[in-house]
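Got the viewer open? Here's a short tour, one selection at a time.

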Amino acid sequence: MTADTSYTDQEFELVGTRPVRPDGIDKVTGRARYGADASAPGQLVGAILRSPHAHAKIKKIDTSKAEKLAGVKAVITSADLPDLTHGNRASFDILENCMARDRALYDGHAVAAVAAIDQVTARRALSLIKVVYKKLPHVTDVDEAMQDSAPIVQPHIRTPGGDPDKPTNISQISTFGHGDVEAGFAKAEVIVEESFKTEQTHQGYIEPHACLATLGPDGQGELWVTTQGHYTFRNICAELLGLEVANLKVTSSEIGGGFGGKTHVWMEPVALALSRKANRPVKLVMSREEVFRASGPTSSTSVDVKLGATADGRIVAATATLRYQGGAFPGIWGMLGAMTSFACYDLENVKSIGYDVLVNRPKVAAYRAPSAPMAAFGVESTMNLLAEKIGMDPVELRILNAATEGTKASYGPPYGPIGIGATLEAVQKHPHMRARLGKNQGRGMACGFWFNFGGQTCCDLNIGVDGTVNLTVGTVDVGGSRASLSLIAAEELGIPYEKVRVTIGDTASLGHNDTTEGSRGTFSSGMATIFAARNAIEELKVRAAQTWEIDAKHVDWQNGQAVARGIEHSNLGPLTLEELARKSPTTGGPIAGHNEVVADGAGVSFASHICDVEVDPETGSTKVLRYTVVQDAGKAIHPDYVEGQFQGGAAQGIGWALNEEYIYGKDGRLQNPGFLDYRIPVCSDLPFIDTKILEIPNPNHPYGIRGVGETSIVPPLAAIANAVSNAVGVRMKHIPMSPPRILKAIKEQQAGESQVSAG
Amino acid sequence: MTQVNYKAPTTTKEASRLMAKAKGSAFLLAGGTDLLVRMKSGLIDPDLIVDIKRIPATQSIKKNDGKYVIGAGVPCVALGKNKGLVKAWPGVVEAANLIGSDQIQGRCTMVGNLCNASPAADSVPALVAARAKAVIVGPKGRRTIPVEKVVTGPGTTSLKKGEVIESIKLPERGARSADAYLRFIPRTEMDIAVCSAGVNLTLGAKGIIKQARVALGAVAPTVILVPAAARALVGKQLDDAVLAKVAAACEIACAPIDDKRGTVEFRTEVAGVLARRAATIAYQRAGGKL
């Protein structure tokens, strides 16, 4: 169903208020059911055997002893997940990641799995599976993987435009930009150039991957799973297992965080294959160690940035070379880094080149504005170097060069109305920028951009006989979207917020919905909800007209009731939604609205962040003292959850900037697969994160909504690096800025200074 | 974890007897904050667990002749609630109270922390600096040894089969004495020391240091005492020159490893910084003026 999605500057009663979220009580009382909270009669416990090697040939797997163990109901290897992908390499990559075939490609790669009557038996069965490996040379660093002599991760990969006979780890080279950068640099009065590195981080969702899978010999199955996109999971699982999509019903559980990491299948096809072999339900829950080793973290990167400007601060040329590792499979992460790197600025001559590189690490997944934070770290750090070199205020420099409506984005299209300038001006005026700094303290700021996404969306709105409303959507609620969608439905229908209950429908109850990614939940399901509600209102008007025995054309919907228009109907009192609902059994049956839409026109979102830190110069320890997020939301439907998204992105960015990193040993094995040594921030590590919502309406949404979930993680790496560099007087170029890295940088600076003074 | 035999004796002697005659792997259970984690992660698979929390002698904090005796089953949170103990040994208490989170504090014990034998154990440098002793009950009777003689290396102790630590004894506390403990962690809490320092001082007239003990954690296979750092303190009033010598002595004593938690360089440097800072705190607590 198509409808006009243009922004209309509607006046709101409910949208923009802050009612209590509908899923709150369930979550604080423990009633909410997450991935591991489902059970089925006769269910078995699944467990996965994982490679202890970074790269190895699998010569032989002997499962006979495990199969003979009492209580073991199924043992599977790649032979039980045959290749049904018909040459679709992307699908085959997913299959191979779920279960290694002839080679283990990273530490933690699944090689076999069991289903048994209990966990003890399942674990013992794993220990009875004998795998003969032949270790192969491995590579885990992105720069090393690009060298000619590097061990090859996937022999079929070729560098695009390179030697067609030579295997390589570079799967894609993506170039964006316009103008003539050489000519631009030739004109530049000032040039700055710097290189940066970031280490690999994990989304760190608190809920591990978990599912309950049932698949019978009749090819009918069900999957209960923690996911950001149960329709996508259904389609992929059906393809990999040779099922018809209608025969696999996937239900999304309540989700304990995803941030992109639950947009991909990791072990769900394995659970289904185990269930098919055992002909019993199988519950499979990852341990935290498995989550770190075998789900999808974000890329580690290496980035070079060069900026040329006039002496008064106008950037005349900008280039970036960005190298992103995608784990053991080809990714799009370098491409996204190249697309986002210069998106904040209006540049005449700009070029960015992204390399997608394979290494022996787990397959990289999306992590909140995937790839943009690392690119922004490089670019926004270099912006500050440029500001220092020409002696200009860093905010002024950014305002001078900011993209505006009509600017041709560095990744191609022209911008519509956008908020980068407005966020920068808000930063400039913010009291945070004028607060005094003490000893060992520093301040930094940085900007960030994310595209946002719309996509396929489908929803139902059913009006109950008492006038309450069930809204069923297909986008998993990862950040409070049920509250926002309730507000939207209530706003359109003219009824109280509390009268709407939102459910996330399973795959059998709605048409396809794309995954909740690209900050699309409230944007796209919000759009579908508006149209579904308006669709229901049309039917309500018909019922009212029928009751009054007048033409439906003469009925208006105002403030939750049908009103007969015109002086000739002035004797007809209004009919409320509840009255019409109660009469519905005798006026034509249930009243419902429906909408399906491809929600195009997701508005881009920009943010600017300010950060104050204090660094202990004797230990390199950093404390974040104050943090402010300014971001364009288009329209904040439920401001609490918009602010929550702003704060959440900043909090994750603070962890990433200061302490989080995958640490690999020389043996290519992950050394810190747990929350003790993979340090996400605890409450006491964070200040209260202040927020400011700007509302520059998205012209392509009736309410002006832009996605807000992701942009907030883009500026922190750079904002904090700029603040730390300001505090210690040394430019920090390697993320995370852990205490040993900061202390080393301070010591090197001091050694350099004493050499200079000695010389 | 197939089948675990669980016993909860009511005397330390009985606990010792159970441990002595145990076949297979046997572990003592106090708070369980290390033991249960290791069992759940599959690192160990005990045949016997002997819970010591029903033994009255392990459950109390007593003061006899000015000496504190802290039972092996006393949770660390209880140390911070004991005003007399906090006044006499602020460094020992702050070290014990840094372990884990609030939830962990309700279960974890200093003796468990000691016997887990991690070089990074938070309470141990403070206990070593405090001249604490471990009271051991074994098949051959009771013996008391300095805390620093308990741990022999990462994960290993000098305790013989059947030996059970019943309590920790702290010496009598004189006037103008105080201790302090500091650790470095990348986060603000819920973390493990990258390096740490415990300092215990007794002052004489005019703030001159009469006695000093300096112990470092996580910079060697076991917690180490640094006599050279103590020598730099004794006979002096605390000033920047003395503190620089303390830090230098500590740096020399460090023999750390490079690992995921820190580099050799970082641990060595920061151990000196922490010793300097802990000495300053202990000095001020003891009534010294800077």
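**Stop one: a small sheet in chain A**

Start by selecting strand β2 (residues 56-62) of chain A together with β6(A): six bridges join them, and the two run antiparallel. Bear in mind throughout that you're looking at a predicted model. For one pairing to zoom in on, pick Lys60(A), whose bridge partner in β6(A) is Val132(A). If you switch on hydrogen bonds, remember that strands of a sheet pair through backbone hydrogen bonds, either parallel or antiparallel.

Now add β4(A) to the selection. You have an open sheet of three strands, in the order β4-β2-β6 (chain A), with antiparallel pairing. Its edge strands are β4 (103-104) and β6 (130-135) of chain A, each pairing on one side only.

**Stop two: zoom out to the whole chain**

Show chain A as a cartoon and you'll have 19 helices and 27 strands to scroll through. Along the principal axes, the C-alpha atoms of chain A fill a box of roughly 100 × 75 × 50 Å. How does the radius of gyration of chain A fit a compact globule? It's 28 Å, which agrees with the value near 27 Å for a compact globule of 759 residues. Colour by burial next: buried residues are 57% of the 759 in chain A. As for contacts between residues at least 6 apart in the sequence of chain A, 80% join residues at least 24 apart.

**Last stop: where chain A touches chain B**

Bring in chain B: 18 residues of chain A are in contact with 18 residues of chain B. On the chain A side, select α4 (119-128) and α19 (739-758), each of which supplies at least two residues. α19(A) gives the most, with three residues. Colour that side of chain A by class and you'll find seven nonpolar, six polar and five charged residues.

Key: Residues are numbered from 1 along each chain as its sequence is written. Chains are lettered from A and ligands numbered from 1 in the order in which they are written. This is a predicted model: local features need pLDDT of at least 70, side-chain atom pairs count only at pLDDT 80 or more; totals for chains, interfaces and linings use all residues. Two residues are in contact if their C-beta atoms, placed from the backbone, lie within 7 Å. Helices (H or I, at least four residues) and strands (E, at least two) are DSSP runs, numbered from the N terminus. Ala, Val, Leu, Ile, Met, Phe, Trp, Tyr, Cys and Pro count as nonpolar, Asp, Glu, Lys and Arg as charged, and the others, Gly among them, as polar. The radius of gyration is taken over C-alpha atoms; the globule rule is 2.2 Å times the number of residues to the power 0.38. A residue is buried if 20 or more other C-beta atoms lie within 10 Å of its own, exposed if 12 or fewer, and partly exposed in between; C-beta atoms are placed from the backbone. Two strands pair if DSSP finds at least two bridges between them.
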